[in-house]
Each structure stands twice: as C-alpha cells, then as structure tokens.
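Student: I'd like a close look at one part of this model, the place where its two chains meet. Could you take me through it and then set it against what goes on inside the chains?

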Amino acid sequence: MEIREQEFKKNFDLHLWKRLFDFLKKYRNSVFFLIFVMFGVGIIDATFPILNKYAIDNFVKNKSLDGFYKFILIYLTLIAVQVFNVWWLIALAGKIDMGLCYDIRKSAFNKLQRLSFSYYDKTPVGWIMARLTSDVARIGDTLAWGIVDFIWGIAIMGSIVVYMFILNARLALITLSVVPLLAVLSIYFQKKILFEYRKVRRINSQITGAFNEGIMGAKTSKILNIEDKNIDEFKGLTRSMFSSSVRAAILSSIYMPLVMTLGSIGTALALNFGGRSVMLNTISFGTLAAFISYSIQFFDPVRELARVMAEFISAQTAAERVISLIDTEVEIKDFGELSQIKKINGDIEFKDVSFSYKDGEDVLEDFNLKVKAGQSIALVGETGSGKSTIVNLLCRFYEPTRGSIYIDGMDYKSIPLSKLHSSLGYVLQTPHLFSGTIKENIQYGNLNASFEEIIEAAKLANAHEFIMSLEKAYDTEVGEGGSKLSVGQRQLISIARAIVANPSIFILDEATSSVDTETEHMIQQAISKVLKGRTSFIIAHRLSTIKSADRILVIKNGKIIEDGSHRELMKKRGYYYRLYTNQYILEQEKKIFG
Amino acid sequence: MFFKFMKGYRLKYIFASISIIISSFLSVIIPIIIKTSIDSIIGDKKIEGRIILSFFNLLGGRDYLREHLYIVALLIVLITALNGLFMYIKGKWANEAAEATAKNLRDSLYSHLQRIYYNFHVEAKTGDLIQRCTSDVETIKSFLAVQFVEIGRTVFMVLFILSIMFYYNAAYALISISLIPFIFAASYIFFKKVKKQFQLCDEAEGEMSAVLQENLTGVRVVKAFNREEFEIEKFEEKNRTYRDLLLKLMRTFAYFWSSSDAMCMLQTFLVVVYGVYLASKGAITLGTLIIFISYIGMLLWPIRQLGRILSDMGKSFVAIARINEILKEPIEDLSTGLTPNIEGNIEFKNLYFSYRDGKDVLKDITFSIKKGETIAIIGPTGSGKSTLAYLLLGLYDYNRGSIELDGVELKNINKNYLRQNIGLVSQDCFLFSKTLKENIAISTKNVEDERIFEASKIADIHDTILSFEKGYETQIGEKGVTLSGGQKQRVAIARCVIKDYRVLIFDDSLSAVDTETEQHIRNRLKERSKDTTTIIITHRLTTAHECDRIIVLDKGTIIEMGSHDELIKKGGFYRRLWDIQSQLDEE
C-alpha cells in the first residue's frame, strides 16, 4: 500500500465519487431540500436589485408613493423567506456534513476491526488516525458545503443572467462579456492557490516534526554537540516555509485585484452603454442601477464556483485514502465451518509450518511441534529467532504460508475465529489497558463476568490487594493506556483480565521491563497459578518461569534447537546452559544493584 | 511586542498599513463616481461638492463627459486597478512581514531550545513546548497577516463611509447605520460565547481519537479477546456524541447567522425604503440613494468580521506572552572559554554536586584518571553514576570542589570544545529520523563512507545494517524502520566512536546488548585507540572486572576504588558481588 501522501490528483476520478455518493444516499432527502433551499437563497439574492429598480422607476422617478406599502410588504416577505432559508441551509449542510463524517468513520472503524495483523504491521497508527480524523472531516466539509456554494453560485448566476436578459438583452450581453475571462482566470488561480497552500501545509507539518525532534532529542544534541547543525537544518526548513508561504500569499494577492479589476470592467461597460441608453431614453434609471449592481454582484459566485471546483479535485486525495482503507481486503477470512464446537481442549500441532512476513525471508521453515493439552511450554531464544511468530500463528493473527496448524486435531482454519479467540488468554509483554475503570478492564476478558468473578480473577492474579488499597478500589480510572498505574500493576490487571476469560490456551509474553522485586514475585506467583491445567505458551525471560515450565523450547533461526525440561537441558551444557547462566548472573546483579 | 521579531520588514509592514488606508479610500470613491454620473452626467442635477466638481471639470466638464461617457467608465476601471495595486502591495508586504516574523519566531525558539540548559529539557513538558512553538506562532502570524489588516481596513472604511454619508444627509445616514452597532455587538458576543461550545466539540473529538488510538495500539488485545464488536460499540458511542455536539453547534450557528442576516437585511431594507421615501420627496437625489445602498453593502460583512476578529484577538497576546516565556529562559554559553590541549587526564577533587532540590547527589568525590585508562563505575541506581558523566560534559555546573581536565578547571573550558573532546553514549539512545548513515555521521562533517562503516563495525552493527533492504540508507523513526533496543544502542555507539574523542563515556549503554557482543565492541575499541580515556558505567560485573580500575559508588560517595584484584582482596561490596557469580560457576 502507498503510504506516501500524494497531494494533488489532477483528474476527476469518477469511481471514487461514485463510492462517496453511496455514502451520500442516506441523506438524499436532506440533499434535495438543501439544493432547493440554496436555489431559493440564490434567486432571492439576485432579486433585491430588481426590487430597487422597481422602487427607483416607480417611486423616485415618478415622485409618487403609490403602492409603497405593497413594496415594503414584498421586501419584508423576501427578507423573512431568506432568513428562513439561511437557517435551513446551515442546519441541513451541517446535518449532511456531520452525518457523512459519522458514517464514513463508522464504516472505516468497522473495517479496521476486521483487518488482520499484516495490515497493522505495515500501516503506522498515525497514518490511520489521520485518515479517520482530518481526511474524513475534509470529505464531509467539501461535499456538504461544496453543495451549498455550488448550487448558490449556479442559482444566483442563473437568476442574474435571466433578470438581465429580461431587462435588456443587448446590455446584458455587453455587461457579461467579461465573465468568460473571469471564469478562466478564477479556475486557474484557485487551483494554483490551493496547490500552493497544500505545499505550505506540508512544510508546516515538517516544521512541527522538526520541533518535536528538536525538543525530544535536545539532550542528545547537547551531548553530541550538534546544536548548530540542527539549527542550520531547521533554518533551511523555515526558509523554505517562508518562501512558499509568501508565494502562496502573493498568488492570492494578485488574484483578488485581478478579479476586481475585471469586474469593474463589467461595471464600466454597464455604466457607459447603460448610461447612453438612459440618455436616449431606451432604458430607465432603475435598469441602469440594477445592471451596475449585477456587474458587481456577479464576480462573487464565479470566484466561489472556481474555489469549490478546485477543492473538490483536491479533496479527492483525502477521499481516495479513506476509501482505500474502507475497501481494503481482509486477509484472514473466517470460514468457521465448525461452528458447533463447544470447547477447545488445547491439543496443538504445528505441521510443516512455514511462514514469512510480507516479502521477507522465511521466519519459520517446516516447523513441527506437538503439544498435549495442559502442557506448559517455555519458548526461549534471541530476539528475531521466531518465538513471537509461533505465538502469532497460533493465535491466527497470521496464517502459515505453508503447512497447517491443528487444534484438537482440527485444522484451525475451520474453527470460527471468534471461537478460537475466546478460548485464548493472552498476556502481552507491554500490558495494554484501555481507558476506563479497573473493573471494566478486567471485564474486558469476559463481558458477562459478574463482579464476584472479577474479584475472584483479581485475587488469583494477586491484584486484589493493591486494587483495594486504591481509594476507589475497582472503580479507579486507569488513565489512557493505563498510564495512572505502574507497569507492574498494569501487568497484574492484564493477567486478571486473561483469567476471567477462562481460556483453555494461555499465551504469555513475559515482560522484560523491570518492575520492583516484590511485584515481580507477585506476577510470578499469579502466573504459576494460572497456568495449571491449561495449555500454555510462554515467551519467557525470567529464570523462575522458564524453570517451572513442563517443556522448554530453545528457538534459533526459526528452528527448535533444544527441547526438554530444565534438568535435561542443563545436563546437555549446550545453548540453554549458557543462556541460563548468563541470565542468572544478570538477575543476581539486579538484585544487588536494585 | 510583535515588532521586535519583524526585523528587516518593519518598513514594509508600515507601507502595507498605509496601502490599506489608500485602498479603503479608493474603494469608497467609486460609488461617488457612479452617483455623480447618474445624477449629473446622465441626469441633470448640478454636481455637488467643490472637490468633485473641480475634478469633473478637470476631465472636461459635465457636457463634454455627457458626450464621452466612456471616460467616466474608464475612470472606474482605472481607480479599481489602482485600488488593486495597493491591495496587492498590502497583501504582499503584510504577508512577507508576517511570514518573516513567524520565521524569526520559529528560528529563535528552535535555537533557544537547542542552547537552553540541559536541565530545562530534563524537566520540560514536550507537548506544551511544541504547542507554543507551532500553534502560538501560527496565531501571531495570522494576527499580523490577516486580523490586523482586516481591522485596519474595516476601521478606515467605516470612517470614510460615515463621513461621506453624513456629508450627504445626516438624518438618512443615522437611519442607515442604526442597526450596525447591534450587528457588531451580536457578532462579538456570539463568537465569544460560542468558544465554549467549540471547546466541547474539541473535547469530544479528543475522546473519540483517544478511543481510536487505544484501539489501534491495543489491536492485539482486541483481537486476542475477540472484542471487535465491543470496540465498535465503544467507538460508535464516541463517534455519535461528537456528531451530536457538532450538530448542536451547527444549530447555534444557524440561529446566529440567520438572525444576523436578518438584521443586515433589515438594515439594507431601511436604507432602501427610507431612501426611496426621501428621494420621492426630492430630499435626496437618485444618486445619493444608490450610493447609500452600495455603501451599506460594503459595510455589513466587514462589520460582522470585525466582531469575530476582536472576540478572538486576546489569543495573539496570550500567544506572544507564552513564547516570550520560553525565550526568557537563560541559555548556555557554548562558545567562550579556554581551549587547552586535551589529553584525557581527569581529576576530581572534593567534588560536591546537587540538583535544584538541594540534595547532594555527589559528596566529596576525589579520584583521578590517567590518559588511556579504562575505568568502570558501578553502584546501585541513584548512586550518582550518570551525574558524574553529565558533569564531565559540562551539562551541569558543579557547586563545590573541582574537576580538572589535564590540569585545567573544567568550568573554564569552552563548552563546544569540551563536548567535541569528550564523548558520551547515554542511557536513552535517541536516534533522529534520518537515515542510518546520517545518524551515525551526525556529529561529523564531510566524512567518508569508509569511516562510517568502520564505526559501525566497531559497534558491531555493520552486518545488521547491511541486512536491511536499503542498508545504510534505511530511514529510521516514525516514517521508517523501528529498531530494537539493542540495535539502537549499537547505532548510538557507532555514532559516538566515529569521532576520535579523547575521553569516551558509556553510561550503561550496552545493557540491551548481550555480554558477548559487548566484549566484542570493547575489544575493538581498545584496538583502535589505546590513548582514549574510557569510563564505563555499568551493571555488569563481567564488564567491570576487565577494566583497569573500578569505582564503586553508593549514595553519592565512593565506597571502594581499585583494580579488580585489589577489591577482591579488600573483601567489601565488590567482593560480595563477585562471590555470587563464582558460586554459580561452581554449581
């Protein structure tokens, strides 16, 4: 997938807009009503000069006030209708805008929940966030308010043209002769201006990034004594920011006067030719005044139309990114033929399993492993040896590129994903909690768990005591990502969360990050209690965990190089022996140094 | 306050301001020309006003112009073009000045933050700082480029238009602007009040983003517990709340704009109806009616904008104050001081040091290191090991006692010079989001590839780098590859050993590398430069015991110092540690 943010798409992409209109369908009625309202706004806007003309010709020129009250009444009625229109236009466009954003975000989020890990591996979180926030907002904005401006522009221009031709066709043609040039100029400039401002925005985000890095890396920069180098680099950025912003500003500064001057040519033509006609008595003063007003009123909608068109084209990039997310194909498909399975026991077999992450080398090659239900397996080995891959495959976060995995003798692809996942208890290396209370976080493992069951699980996980010591006990807010709790506390809660799910297969990615000795001891105890009677896979770092496992697998380059109990492997004096002794020394040192 | 940062562009900004006045003046002229044409050239009224009369006489007088109406028409185009020219000048120079100010602000903020004391960054709140450097600067820029300009334009337009209106007919003028104060006040008050609602929406959006972010970062948990549906509902709720709040905001806007439009249209209505009434009575001319109608059209929109801008203006002053807060912080003097020849002999004499809180972190530290020696410093967390390293780089100033580098007091040495001679690989290895090559070569200029490779080989990272698809050109950081902890440390080491430092300090910077690799790295370093003084802060006894001497720190004081053999003989803290290890070997 293309991560690079393309900024401008030149052509109109029909398929894309079709997809967007699918989203718009739900608001069909609102859209039609809005279009109706906008026609009203445009027509009324164009009608006021006609009223003025009428007043000039009838009351001012004839010096009589006959029918003045009727005139006032009509004027006020139009104002009332227009006020009503304005209210509806904002309410309707707002409804469409917000509704559209809501719908698109919703379907994008739903898709995100179904996408597999391989998608998350290659797509940064920040990228997805930007799609669901700023891009979606831009689509809603462009579509809803684009309709407003577009219809208004069409309606007012159309009405003005009609009125002008009714008043005087010759003068109308003369006055409007500047419009084609105006339109061409506007389209050219609006597109260019938008393009320049996008460039400015891109540099702006680079500057934000530079500030971020400059501040986060300030300590390192000081130590390396590269402050001046950083400053020079940064000044390069601000310099290009300066020149492109000024370029963009100059472009808009040229455009407005140009349009105004062109518009004034229209006014001048109306005054010259209209004035002469007035002198010859072929048109009235009121008509002249109306033409002068129209010549001024006309260039606003031209500008708006050009802007809307440029924005539509530029919003295509945002739309494309969002639609591509929504249309991403789900890689891991849920066949779920065996939906009648009641319980998974936990017999596991990897048969000739090979796996590679996208376009990479094989991480596992013809990997074979048989695990009996209830056995606990410790996986040890260096980073990148394939330990995590084994676990990821088992969870079906990924699927083997070749070979199969069997659970209780069944090809695990035939087990519904939901069934498989609800039989798993998973404790991550860096415990991830969600904002909310402790209770809610434990309940995450089993939404139907009663409060008693939650407490039970917390007790098993050795978390109950510390939870009760908190002021609000189980109702304590954990903060974003669990930030209000210590790492150790988070770990205990994540264990409780796994326990409450009552899984038959337990997966534990042991934390390497240091927690204090006491907490570590508690975590240790909790784990050993939990593992009893369950098939478990542990990516183990701590000696005590490793030692207590039924079977230890030493993984190197995707292969099992040693397999056996602690005793057996120590006797071998091979890789495991060295690993163990090294780890032992480290743990001892840690104990002393604290 | 803003002018300070506008250096080199002040004159342009002043000219831009003058252009605004000229441009507003020119735009109010055109309706007068149209009025005069309608009343006196096309119509048969006398030209009112001395100036206008003499001006039209200059063009040839009424009768001549009646025959040559195109001259007046051309005049309109000409004046508009002239107005356009001034608008262009205003746009160009005001923007240049505003952008220059923004650039100056950004540059000074960035340089200041680079040169500020180390301690500032230890305590800094990153998010807040970044906001000041970005959105506050943006606020000031848009104040200078847009808001200030708009205010000036509106004020002058109002002044010009009012005086012309009152000149023609005071009573009519009064009626014509009777609703304007209300229109202005309504928009001022509305935009002040609606801020709260905006804030609510922002908060709702924040909450929604937080759920999204948590979901994305916790995708493993979500999938492992089969909680997709649950998450969808959670997001749905936030998504809906956000939408509903925005809808409410939209409704508020609908009420505001429709009522504000109602007032504006009523004001125009008053102008038209009263004007028509006056004109039909002969109290004003047709041209006066038309000029009032165009003027009111020119006034209404800017008046509403003015209300909005003024309600917003406080922000710019807050922004500049927040920026000044950063710029007021003292900065380090990096470029003055002695530049003695540094060999690598270090001497600490009765050194005391405390951070701001006043608690002594280091107490009565006395020891010396000779050029080329390798010293290990061990001790529990918080014993002051890292502080020693920071002091040697001059990142903090010590309070009592002295540190001498080849006999020169460290305080008196030029800091740039000092840090070019003393290298530190610190605990947190921050890498910059550049390519690996750029990262390794970051502190050097014009370095050949050979030296980069050599440094990487010393740090035992060369082969790893070559195994990446793009090798040394691999981009790291947010937009690129994420390195493991051990890989990062090794890149940080390569980045440091590429330079020939006289003193090299490793602050627990090999912790994520296994012991074998660590030994490799140290051996290769030793081979390359025998004369470099090396200080290794470590948790590993295996590392410490190979050093020439070992310093054991506890609670800020040196409790043991000597070679491995001496310390073993002494039978203290170090000995105890060592015994634990040996036990294992016998097992």
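**Where the chains meet**

Tutor: Let's start with one pair inside a chain: Glu196(A) makes a salt bridge with Arg247(A), and their closest N and O atoms are 3.5 Å apart. Glu196(A) sits in helix H7 (residues 179-216) of chain A and Arg247(A) in helix H9 of chain A, so this pair ties together parts that are 51 residues apart in sequence. Keep in mind that the model is predicted. Searching the whole structure over all chains turns up 43 salt bridges.

Now to the part you asked about. How many salt bridges does the rule find across the interface of chain A and chain B? It finds 5. One to look at is Lys106(A) with Glu236(B), where the closest N and O atoms are 3.5 Å apart. Polar contacts add to the picture, with 26 residue pairs across the interface of chain A and chain B, both partners at pLDDT 80 or more. Helix H9 (residues 227-279) of chain A gives the most to the side of chain A that touches chain B, putting in 32 residues. That is the helix that holds Arg247(A) from our opening pair. Sorted by class, the chain A side of this contact has 73 nonpolar, 39 polar and 20 charged residues.

As for the extent of the contact, chain A brings 132 residues and chain B brings 138. Between them, the two chains bury about 12500 Å², and 71% of that is on carbon and sulfur atoms.

The UniProt record helps place this along the sequence. Its unreviewed entry lists "domain: ABC transmembrane type-1" for residues 32-314 of chain A. That span is 92% helix and 0% strand, with its end C-alpha atoms 25 Å apart. For chain B, the annotation "domain: ABC transmembrane type-1", also from an unreviewed entry, covers residues 14-315. Here the chain is 91% helix and 0% strand, and the end C-alpha atoms lie 23 Å apart. Within chain B, UniProt (unreviewed entry) gives several stretches as "transmembrane region", including 253-277 and 283-303. Residues 253-277 of chain B are 100% helix and 0% strand, with 35 Å between the end C-alpha atoms. Residues 283-303 of chain B come out at 86% helix and 0% strand, with end C-alpha atoms 29 Å apart.

For the setting inside a chain, take chain B, which is divided into domain 1 (1-168 + 314-331) and domain 2 (346-586). The centres of these two domains of chain B, taken over C-alpha atoms, are 58 Å apart. In their contact, 4 residues of domain 1 of chain B meet 4 residues of domain 2 of chain B. The two domains bury about 480 Å² between them, 49% of it on carbon and sulfur atoms. Which residues supply most of what domain 1 of chain B buries against domain 2 of chain B? Tyr117(B), Tyr118(B) and Asn119(B) supply 83% of that area, more than any other three residues. Between domain 1 and domain 2 of chain B the count is 0 salt bridges, and there is 1 residue pair in polar contact, both at pLDDT 80 or more. On the domain 1 side of that contact in chain B, the residues divide into 2 nonpolar, 1 polar and 1 charged.

Methods: Residues numbered from 1 in each chain as written. Chains lettered and ligands numbered in written order. Predicted model: local features only at pLDDT ≥ 70, side-chain atom pairs only at ≥ 80, totals over all residues. Heavy atoms only, no water. Domains from an automatic or database assignment. Contact = heavy atoms within 4.5 Å. Buried area = accessible area lost by both parts, 1.4 Å probe. Salt bridge = Lys/Arg side-chain N within 4 Å of Asp/Glu carboxyl O. Polar contact = N/O pair within 3.5 Å; in protein donor to acceptor, adjacent residues only side chain to side chain. Nonpolar A, V, L, I, M, F, W, Y, C, P; charged D, E, K, R; others polar. UniProt positions renumbered as here; feature names shortened; annotations may be inferred. Helix = DSSP H or I, 4+ residues; strand = E, 2+ residues; numbered from the N terminus.
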